[in-house]
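Please open the model in your viewer and keep the sequence panel beside it, since this tour moves from one selection to the next.

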Amino acid sequence: MGELMGFLDTMLGKLLLTFGTAMVPVVELRGAIPMGVAAGLDPALACAAAILGNLVPAPLIILLIRRVFDWLRGNRFLGPKIEWLERRAHLKGRLVRKYRLIGLAILVGIPLPGTGAWTGSLVAAMLNIRMRHALPAIFLGLLIAGGITTAVTLGVVHLL
């Protein structure tokens, strides 16, 4: 346990912790950036690690989510949850349907709960947006969300 804590105190450990936290659904970069800054990372470095970490699951979600949903839909317990996720993706997708790639970037870029790379990737998959178009829009949204989250984090740090 002491070795793990020692590693997490290193720059590489802080970067990996921020990167890994950003890959977690719901937390994503909105939680990873403040955590990285609190751990002692430079805010720009924490933002970059969080953006890259949050981008990692996006291609996997876009490629595989429909197959995974089809497979899980047959399960009595998970089937209704899959239906709920699909309904949620279609509701969130209204903005994306209207404005397409700019809408996808805005959906990902608004740093609020229920938005982000995971939701954007799910919406892109449900709306059959090709990965070569979806990933740049998701990346742009992450840059926007990362900038806003970093600015808010720095504002809160300076207030304290």
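Begin with the largest nonpolar core, which has 35 residues, and select those with the most contacts inside it, namely Leu29, Ile65, Val96, Leu104, Ala134, Ile138 and Leu142. Keep in mind throughout that this is a predicted model. If you now colour by helix, you will find that helix 3 (28-39), helix 4 (43-55), helix 5 (57-73), helix 6, helix 7 (101-109), helix 8 and helix 9 (131-159) each supply at least two residues of this core.

Next, centre the view on Ile138 and display its surroundings: leaving out residues up to four places away in sequence, Ile138 touches Leu55, Ala58, Ile62, Leu104, Val108, Ala117, Gly120 and Ser121.

From there, select helix 5, where Pro57, Ala58, Ile61, Ile62, Ile65, Phe69 and Leu72 are buried. Follow the backbone of helix 5 to Leu64, on which a kink of about 55 degrees is centred.

Now turn to helix 6 (residues 79-99) together with helix 8 (residues 117-126), whose axes come within 9 Å and cross at roughly 90 degrees, so that helix 6 is roughly perpendicular to helix 8. To see the contact itself, show Leu85, Glu86, Arg88, Ala89, His90, Lys92, Gly93 and Val96 on helix 6, and Thr119, Leu122, Val123 and Met126 on helix 8. Coloured by residue character, this contact of helix 6 with helix 8 divides into six nonpolar, three polar and three charged residues.

Staying with helix 6, add helix 7, which packs against helix 6 at an angle of about 145 degrees with the two axes 6 Å apart. Here the side of helix 6 is represented by Lys92, Leu95, Val96 and Tyr99, and that of helix 7 by Leu101, Ile102, Gly103, Leu104, Ile106 and Leu107. The residues of this contact of helix 6 with helix 7 comprise eight nonpolar, one polar and one charged.

Move on to helix 9 and select Thr149, which has its place there. Is Thr149 buried or exposed? Thr149 is buried, with a relative accessible area of 8%, and, its neighbours within four places in sequence aside, Thr149 is in contact with Leu29, Arg30, Ile33, Pro34 and Pro111.

Finish at Pro25, in the loop between helix 2 (11-22) and helix 3, where the relative accessible area of 38% makes Pro25 partly exposed. A distance drawn between the C-alpha atoms of Pro25 and Leu15, which lie 10 residues apart along the chain, should read 18 Å.

Definitions and conventions
Residues numbered from 1 in each chain as written. Predicted model: local features only at pLDDT ≥ 70, side-chain atom pairs only at ≥ 80, totals over all residues. Heavy atoms only, no water. Axes fitted to C-alpha atoms, helices over the stretch in contact; angles between N-to-C directions. Helix = DSSP H or I, 4+ residues; strand = E, 2+ residues; numbered from the N terminus. Parallel < 35°, antiparallel > 145°, perpendicular 65-115°, else oblique. Contact = heavy atoms within 4.5 Å. Nonpolar A, V, L, I, M, F, W, Y, C, P; charged D, E, K, R; others polar. Core = buried A, V, L, I, M, F, W, Y, C linked by side-chain atoms within 4.5 Å. Buried < 20%, exposed > 50% of the residue type's maximum accessible area, 1.4 Å probe, protein only. Bend = angle between axes of the 7 residues up to and from the residue.
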